[in-house]
Amino acid sequence: MAAQRFQQQHLLKNPLGLLCLFVFFQSIGAVAPVNAQDWQSPDNDTSLAHFPVKLANDLPHLFIPENIAPFAVGTAAAALDGAILDNQNSLAASLNNWSYHSLYDFGNFYGEGWVEVSGALGSWSIGALTNNLRLQEFGRDASESLILATVLVTGLKYAIPRERPDGSNNQSFPSGHTITTFCFAPVVQKYWGWGAGVIAYALGTVTAIARVAGYHHYLSDTIAGATLGIIIGNAVVYTPKDVTVGVGPGQMELTLAFN
(Lines give C-alpha, C1' and ligand atoms only; values in the text may rest on other atoms or scores of the structure.)
Protein backbone atom coordinates (compact mmCIF):
# COMPACT_ATOMS: atom_id res chain seq x y z
CA MET A 1 0.00 0.00 0.00
CA ALA A 2 2.82 2.39 0.87
CA ALA A 3 4.60 1.55 -2.38
CA GLN A 4 1.45 2.22 -4.36
CA ARG A 5 0.99 5.61 -2.67
CA PHE A 6 4.59 6.46 -3.49
CA GLN A 7 4.08 5.57 -7.15
CA GLN A 8 0.95 7.68 -7.35
CA GLN A 9 2.67 10.63 -5.69
CA HIS A 10 5.64 10.23 -8.04
CA LEU A 11 3.33 10.40 -11.04
CA LEU A 12 1.58 13.50 -9.75
CA LYS A 13 4.93 15.23 -9.19
CA ASN A 14 6.08 14.28 -12.67
CA PRO A 15 5.39 17.22 -15.06
CA LEU A 16 4.44 14.79 -17.83
CA GLY A 17 1.97 13.15 -15.50
CA LEU A 18 0.40 16.49 -14.69
CA LEU A 19 0.18 17.33 -18.38
CA CYS A 20 -1.48 13.99 -19.07
CA LEU A 21 -4.09 14.72 -16.41
CA PHE A 22 -4.53 18.18 -17.92
CA VAL A 23 -5.27 16.64 -21.31
CA PHE A 24 -7.89 14.42 -19.67
CA PHE A 25 -9.73 17.32 -18.05
CA GLN A 26 -9.38 19.50 -21.16
CA SER A 27 -11.06 16.74 -23.13
CA ILE A 28 -13.85 16.37 -20.59
CA GLY A 29 -14.27 20.15 -20.62
CA ALA A 30 -14.89 20.02 -24.35
CA VAL A 31 -18.12 18.12 -23.66
CA ALA A 32 -20.83 20.76 -23.54
CA PRO A 33 -24.04 19.51 -21.85
CA VAL A 34 -26.60 18.87 -24.55
CA ASN A 35 -30.13 17.58 -24.29
CA ALA A 36 -29.82 14.72 -26.77
CA GLN A 37 -33.59 14.56 -27.12
CA ASP A 38 -33.71 18.10 -28.52
CA TRP A 39 -30.92 17.81 -31.08
CA GLN A 40 -31.45 16.63 -34.63
CA SER A 41 -29.02 16.41 -37.49
CA PRO A 42 -29.54 19.21 -40.04
CA ASP A 43 -29.13 16.58 -42.76
CA ASN A 44 -31.59 13.69 -42.45
CA ASP A 45 -30.65 11.98 -45.71
CA THR A 46 -28.88 8.85 -44.50
CA SER A 47 -28.64 7.12 -47.87
CA LEU A 48 -25.27 5.82 -48.99
CA ALA A 49 -25.53 7.83 -52.23
CA HIS A 50 -25.85 11.07 -50.25
CA PHE A 51 -22.93 10.28 -47.95
CA PRO A 52 -20.19 11.87 -50.16
CA VAL A 53 -22.31 15.02 -50.42
CA LYS A 54 -22.58 15.38 -46.65
CA LEU A 55 -18.88 14.69 -46.23
CA ALA A 56 -18.01 17.45 -48.70
CA ASN A 57 -20.45 19.85 -47.04
CA ASP A 58 -18.91 19.19 -43.62
CA LEU A 59 -15.29 19.87 -44.60
CA PRO A 60 -15.63 23.67 -44.13
CA HIS A 61 -16.97 22.98 -40.63
CA LEU A 62 -13.47 22.02 -39.53
CA PHE A 63 -12.92 25.77 -39.17
CA ILE A 64 -16.00 26.63 -37.10
CA PRO A 65 -15.61 28.86 -34.01
CA GLU A 66 -16.29 25.90 -31.71
CA ASN A 67 -13.00 24.37 -32.83
CA ILE A 68 -10.83 27.38 -32.01
CA ALA A 69 -10.42 26.56 -28.31
CA PRO A 70 -9.61 22.83 -28.77
CA PHE A 71 -7.14 23.70 -31.54
CA ALA A 72 -5.40 26.43 -29.53
CA VAL A 73 -5.14 24.43 -26.32
CA GLY A 74 -4.19 21.18 -28.03
CA THR A 75 -1.58 22.80 -30.27
CA ALA A 76 0.02 24.64 -27.36
CA ALA A 77 0.10 21.52 -25.20
CA ALA A 78 1.52 19.33 -27.97
CA ALA A 79 4.16 21.92 -28.87
CA LEU A 80 5.20 22.35 -25.24
CA ASP A 81 5.48 18.64 -24.68
CA GLY A 82 7.26 17.99 -27.97
CA ALA A 83 9.81 20.75 -27.46
CA ILE A 84 10.58 20.33 -23.77
CA LEU A 85 9.35 17.09 -22.26
CA ASP A 86 9.31 14.37 -24.93
CA ASN A 87 13.07 13.86 -24.81
CA GLN A 88 12.76 12.64 -21.23
CA ASN A 89 9.64 10.55 -21.89
CA SER A 90 9.48 9.80 -18.19
CA LEU A 91 5.70 9.49 -18.22
CA ALA A 92 5.89 6.08 -19.91
CA ALA A 93 8.14 4.73 -17.17
CA SER A 94 5.92 6.22 -14.46
CA LEU A 95 2.80 4.70 -15.99
CA ASN A 96 4.44 1.29 -16.12
CA ASN A 97 5.10 1.48 -12.39
CA TRP A 98 1.36 1.32 -11.89
CA SER A 99 -0.30 -2.09 -11.88
CA TYR A 100 -2.87 -1.11 -14.50
CA HIS A 101 -1.62 -3.12 -17.46
CA SER A 102 -5.05 -4.66 -18.01
CA LEU A 103 -6.44 -1.15 -18.37
CA TYR A 104 -3.72 -0.31 -20.89
CA ASP A 105 -4.55 -3.47 -22.83
CA PHE A 106 -8.17 -2.37 -22.98
CA GLY A 107 -7.13 1.11 -24.13
CA ASN A 108 -5.08 -0.34 -26.97
CA PHE A 109 -7.98 -2.62 -27.92
CA TYR A 110 -10.53 0.20 -27.85
CA GLY A 111 -8.37 2.36 -30.09
CA GLU A 112 -7.85 -0.27 -32.80
CA GLY A 113 -10.45 1.39 -34.99
CA TRP A 114 -12.50 -1.63 -35.93
CA VAL A 115 -14.33 -1.27 -32.60
CA GLU A 116 -15.59 2.19 -33.54
CA VAL A 117 -16.16 1.18 -37.16
CA SER A 118 -18.27 -1.76 -36.01
CA GLY A 119 -20.32 0.53 -33.77
CA ALA A 120 -20.80 3.08 -36.53
CA LEU A 121 -21.72 0.70 -39.33
CA GLY A 122 -23.75 -1.47 -36.97
CA SER A 123 -25.80 1.53 -35.82
CA TRP A 124 -26.31 2.70 -39.40
CA SER A 125 -27.45 -0.75 -40.51
CA ILE A 126 -29.67 -1.51 -37.51
CA GLY A 127 -31.21 1.95 -37.78
CA ALA A 128 -32.07 1.29 -41.41
CA LEU A 129 -33.57 -2.12 -40.63
CA THR A 130 -35.66 -0.80 -37.74
CA ASN A 131 -36.52 2.52 -39.42
CA ASN A 132 -34.82 4.39 -36.57
CA LEU A 133 -33.68 7.66 -38.16
CA ARG A 134 -31.70 8.82 -35.13
CA LEU A 135 -29.67 5.61 -35.04
CA GLN A 136 -29.06 5.87 -38.79
CA GLU A 137 -27.85 9.45 -38.46
CA PHE A 138 -25.55 8.55 -35.60
CA GLY A 139 -24.03 5.67 -37.56
CA ARG A 140 -23.59 7.81 -40.66
CA ASP A 141 -21.94 10.69 -38.74
CA ALA A 142 -19.71 8.35 -36.74
CA SER A 143 -18.62 6.68 -39.98
CA GLU A 144 -17.89 10.07 -41.52
CA SER A 145 -15.75 11.14 -38.58
CA LEU A 146 -13.74 7.92 -38.77
CA ILE A 147 -13.13 8.31 -42.50
CA LEU A 148 -11.94 11.90 -42.10
CA ALA A 149 -9.71 10.89 -39.18
CA THR A 150 -8.17 8.04 -41.16
CA VAL A 151 -7.38 10.25 -44.16
CA LEU A 152 -5.93 13.02 -41.99
CA VAL A 153 -3.82 10.84 -39.72
CA THR A 154 -2.44 8.83 -42.64
CA GLY A 155 -1.37 11.97 -44.46
CA LEU A 156 0.25 13.48 -41.37
CA LYS A 157 2.16 10.31 -40.53
CA TYR A 158 3.89 10.42 -43.91
CA ALA A 159 4.20 14.22 -44.05
CA ILE A 160 5.75 14.44 -40.56
CA PRO A 161 7.92 11.33 -40.11
CA ARG A 162 8.76 10.86 -36.44
CA GLU A 163 10.36 7.82 -34.91
CA ARG A 164 8.30 6.02 -32.30
CA PRO A 165 9.69 5.75 -28.77
CA ASP A 166 10.15 1.99 -29.30
CA GLY A 167 12.02 2.63 -32.57
CA SER A 168 9.71 0.41 -34.62
CA ASN A 169 9.04 2.93 -37.45
CA ASN A 170 8.75 6.62 -38.31
CA GLN A 171 4.97 6.96 -38.01
CA SER A 172 4.64 8.19 -34.46
CA PHE A 173 2.92 11.54 -35.13
CA PRO A 174 0.03 11.79 -34.55
CA SER A 175 -1.46 8.84 -32.66
CA GLY A 176 -3.93 7.01 -34.90
CA HIS A 177 -5.51 5.14 -31.99
CA THR A 178 -6.12 8.40 -30.15
CA ILE A 179 -7.59 10.33 -33.07
CA THR A 180 -9.93 7.41 -33.73
CA THR A 181 -11.36 7.39 -30.22
CA PHE A 182 -11.60 11.17 -29.90
CA CYS A 183 -13.30 11.77 -33.26
CA PHE A 184 -15.93 9.28 -32.13
CA ALA A 185 -16.55 11.02 -28.78
CA PRO A 186 -18.17 14.32 -29.96
CA VAL A 187 -20.59 12.35 -32.13
CA VAL A 188 -21.56 10.13 -29.20
CA GLN A 189 -22.02 13.18 -26.99
CA LYS A 190 -24.13 15.05 -29.53
CA TYR A 191 -26.55 12.19 -30.15
CA TRP A 192 -26.76 10.54 -26.73
CA GLY A 193 -26.08 13.36 -24.26
CA TRP A 194 -23.37 14.49 -21.87
CA GLY A 195 -23.31 11.26 -19.82
CA ALA A 196 -22.44 9.11 -22.81
CA GLY A 197 -20.06 11.81 -24.00
CA VAL A 198 -18.07 11.80 -20.77
CA ILE A 199 -17.69 8.03 -21.01
CA ALA A 200 -16.53 8.28 -24.64
CA TYR A 201 -13.97 10.97 -23.78
CA ALA A 202 -12.76 8.97 -20.79
CA LEU A 203 -12.29 5.87 -22.95
CA GLY A 204 -10.35 7.97 -25.43
CA THR A 205 -8.13 9.20 -22.60
CA VAL A 206 -7.46 5.61 -21.51
CA THR A 207 -6.41 4.82 -25.07
CA ALA A 208 -4.08 7.83 -25.18
CA ILE A 209 -2.45 6.83 -21.88
CA ALA A 210 -2.10 3.22 -23.07
CA ARG A 211 -0.27 4.34 -26.21
CA VAL A 212 2.24 6.27 -24.09
CA ALA A 213 2.63 3.47 -21.56
CA GLY A 214 3.42 0.99 -24.33
CA TYR A 215 6.11 3.25 -25.83
CA HIS A 216 4.10 3.42 -29.06
CA HIS A 217 3.81 7.21 -28.88
CA TYR A 218 5.09 10.26 -27.10
CA LEU A 219 2.55 12.22 -25.13
CA SER A 220 2.59 15.01 -27.73
CA ASP A 221 1.50 12.46 -30.37
CA THR A 222 -1.56 11.58 -28.33
CA ILE A 223 -2.37 15.21 -27.52
CA ALA A 224 -2.28 15.99 -31.24
CA GLY A 225 -4.45 12.97 -31.98
CA ALA A 226 -7.01 13.96 -29.35
CA THR A 227 -7.09 17.55 -30.61
CA LEU A 228 -7.60 16.59 -34.24
CA GLY A 229 -10.21 14.00 -33.26
CA ILE A 230 -12.27 16.55 -31.33
CA ILE A 231 -12.08 19.01 -34.23
CA ILE A 232 -13.25 16.36 -36.72
CA GLY A 233 -16.07 15.16 -34.48
CA ASN A 234 -17.30 18.70 -33.88
CA ALA A 235 -17.27 19.41 -37.62
CA VAL A 236 -19.33 16.34 -38.47
CA VAL A 237 -22.15 17.16 -36.04
CA TYR A 238 -22.05 20.92 -36.45
CA THR A 239 -25.45 22.60 -36.74
CA PRO A 240 -25.59 25.88 -38.68
CA LYS A 241 -27.07 28.61 -36.52
CA ASP A 242 -30.21 30.33 -37.75
CA VAL A 243 -30.86 33.96 -36.87
CA THR A 244 -34.32 35.38 -37.45
CA VAL A 245 -34.52 39.11 -38.24
CA GLY A 246 -37.86 40.91 -38.16
CA VAL A 247 -38.43 43.53 -40.86
CA GLY A 248 -41.18 45.97 -40.05
CA PRO A 249 -43.86 45.69 -37.34
CA GLY A 250 -44.99 42.09 -37.81
CA GLN A 251 -44.76 42.26 -41.60
CA MET A 252 -41.91 40.00 -42.56
CA GLU A 253 -39.24 37.78 -41.01
CA LEU A 254 -35.93 36.85 -42.59
CA THR A 255 -34.02 33.78 -41.41
CA LEU A 256 -30.27 33.77 -41.95
CA ALA A 257 -28.27 30.54 -41.70
CA PHE A 258 -24.63 30.87 -40.64
CA ASN A 259 -22.36 27.98 -41.58
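This report describes the overall make-up of one chain, a pair of its helices and two of its buried residues.

The structure is a predicted model, in which local features need pLDDT of at least 70 and side-chain atom pairs count only at pLDDT 80 or more, while totals for chains, interfaces and linings use all residues. Residues are numbered from 1 along each chain as its sequence is written, and side-chain values use heavy atoms, with hydrogens and water left out.

The chain has 11 helices and two strands, these being DSSP runs numbered from the N terminus (helices H or I, at least four residues; strands E, at least two). Along the sequence the pattern is α-α-α-α-α-α-α-α-α-α-α-β-β. Of the 259 residues, 45% are buried, where buried means under 20% relative accessible area with a 1.4 Å probe and protein chains only. The accessible surface is about 12,900 Å², and carbon and sulfur atoms account for 65% of that surface; the areas come from the Shrake-Rupley method with a 1.4 Å probe. Among contacts (heavy atoms within 4.5 Å) between residues at least 6 apart in sequence, 75% join residues at least 24 apart.

Helix H9 (residues 176-192) and helix H10 (residues 194-213) have axes that come within 7 Å and cross at roughly 175°. The axes are lines fitted to C-alpha atoms over the stretch in contact, with angles from 0 to 180 degrees between N-to-C directions. H9 and H10 are therefore roughly antiparallel, a term for angles over 145 degrees. The contact of H9 with H10 has 10 nonpolar, eight polar and one charged residues. Residues of H9 taking part include Phe-182 and Trp-192, and among those of H10 are Tyr-201 and Arg-211.

Two buried residues are set side by side here.

| Residue | Place | Relative accessible area |
|---|---|---|
| Asn-67 | loop between helix H3 (51-58) and helix H4 (68-85) | 2% |
| Arg-211 | helix H10 | 8% |

Leaving aside neighbours within four places in sequence, Asn-67 is in contact with His-61, Leu-62, Ile-230, Ile-231, Asn-234 and Ala-235. A polar atom of the Asn-67 side chain lies 3.2 Å from the backbone oxygen of Ile-231.

Arg-211, with the same neighbours within four places left aside, is in contact with Asn-108, Arg-164, Ser-175, His-177, Thr-178, His-216, His-217 and Thr-222. His-177 is 34 residues from Arg-211 along the chain, and the C-alpha atoms of Arg-211 and His-177 are separated by 7.8 Å.

Definitions and conventions: Buried < 20%, exposed > 50% of the residue type's maximum accessible area, 1.4 Å probe, protein only. Parallel < 35°, antiparallel > 145°, perpendicular 65-115°, else oblique. Nonpolar A, V, L, I, M, F, W, Y, C, P; charged D, E, K, R; others polar. Polar contact = N/O pair within 3.5 Å; in protein donor to acceptor, adjacent residues only side chain to side chain.
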